[in-house]
Amino acid sequence: MVNLIKLGKPSRDWSEFIYNCFENAVTLKVPEIAQVKQALLSHGAFSALLSGSGSALFGLVGAKSDGEKLRQAMARKGLQAWVVQSVS
């Protein structure tokens with residue numbers, strides 16, 4: 001994965017290699033997290049993960065416009081979301 005990032009490959013190419021080892025344990029305790037993750041995926045994120053020890057979820061999209069559509073979809077569900085760009 002690191003080599004793909006160093007080569008400047010888009011996140012879609014390496015997103016399958018990222019994971020959060022806390023995710024299974026946290027979603028067992030708080031099933032709503034799995035529901036929000038599924039919502040991110042079903043509304044356009046090509047990957048979605050728990051952030052750190054569970055303070056947030058994030059979804060990866062290919063373009064800012066995709067992120068804005070995803071943010072709007074989450075807002076319609078009553079969820080807060082922000083569109084940000086990764087540091088390159």
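Accessible areas here come from the Shrake-Rupley method with a 1.4 Å probe. On that basis, the chain has an accessible surface of about 6500 Å², and 55% of that belongs to carbon and sulfur atoms. Keep in mind that what you're looking at is a predicted model. Its pLDDT averages 85 over the chain, with 80% of the residues scoring at least 70. Confidence is lowest in helix α1, residues 2–6, where the mean is 59, and highest in α5, where it is 96.

Let's start with the overall layout. The chain's secondary structure comes to five helices and two strands, and if you read along the sequence you'll meet them in the pattern α-α-α-α-β-β-α. Of the 88 residues in the chain, 24% are buried. Take the contacts in the chain with a separation of 6 or more: 40% of them are between residues 24 or more positions apart.

Now for the two strands. Strand β1 covers residues 47–51 and strand β2 covers residues 56–60; they run antiparallel, and five bridges join them. You can pick out partners across the pair: Ser47 stands opposite Leu60 in β2, and Leu50 has Leu57 of β2 as its bridge partner. The hairpin has four residues between the strands, and in it Gly52 takes a positive phi near 55 degrees. β1 itself is mostly covered, with four of its five residues buried.

Next, have a look at helix α4. Its buried residues are Ile33, Ala39 and Leu40. They span an arc of only 120 degrees around the axis, so they sit on the same side of α4. Turn to the other side of α4 and you'll find Gln35 and Ser42, which are exposed. What lies over the buried residues? The cover includes α3 (23–29), β1, β2 and α5. After α4 comes Gly44, with a positive phi near 120 degrees.

Two residues of this helix are worth a stop. Ala34 lies in α4, and it counts as partly exposed because its relative accessibility is 37%, between the 20% limit for buried and the 50% limit for exposed. The C-alpha atom of Ala34 is 9.3 Å from that of Leu50, which is 16 residues away along the chain. Leu40 is also placed in helix α4, but its relative accessible area is 8%, so Leu40 is buried. Which residues does Leu40 touch, leaving aside those up to four places away in sequence? They are Ala45, Ala48, Leu57, Phe58, Gly59, Leu70 and Met74. As for Leu60, it is 20 residues from Leu40 in sequence, and their C-alpha atoms are 8.9 Å apart in space.

Several of these names come back in the largest nonpolar core, which has seven residues: Ala39, Leu40, Ala45, Ala48, Leu70, Ala73 and Met74. Helices α4 (32–42) and α5 (64–76) each supply at least two residues of this core, and α5 gives the most, with three. As a general matter, nonpolar side chains in soluble globular proteins tend to be buried together.

To finish, move to helix α5. Leu70, one of the core residues, touches Leu40, His43, Ala45 and Val61, again not counting residues up to four places away in sequence. So how buried or exposed is Asp66? Asp66 lies in α5 too, and with a relative accessible area of 30% it is partly exposed. Ala45 and Asp66 are 21 residues apart in sequence, and 8.1 Å separates them in space, C-alpha to C-alpha.

Key:
Residues are numbered from 1 along each chain as its sequence is written. Side-chain values use heavy atoms; hydrogens and water are left out. A nonpolar core is a set of buried Ala, Val, Leu, Ile, Met, Phe, Trp, Tyr and Cys residues joined through side-chain atoms within 4.5 Å. Buried means under 20% relative accessible area, exposed over 50%, partly exposed in between (1.4 Å probe, protein chains only). Contact means heavy atoms within 4.5 Å. Two strands pair if DSSP finds at least two bridges between them. pLDDT is the predictor's confidence in each residue, from 0 to 100. The arc is that of the directions from the helix axis to the C-beta atoms.
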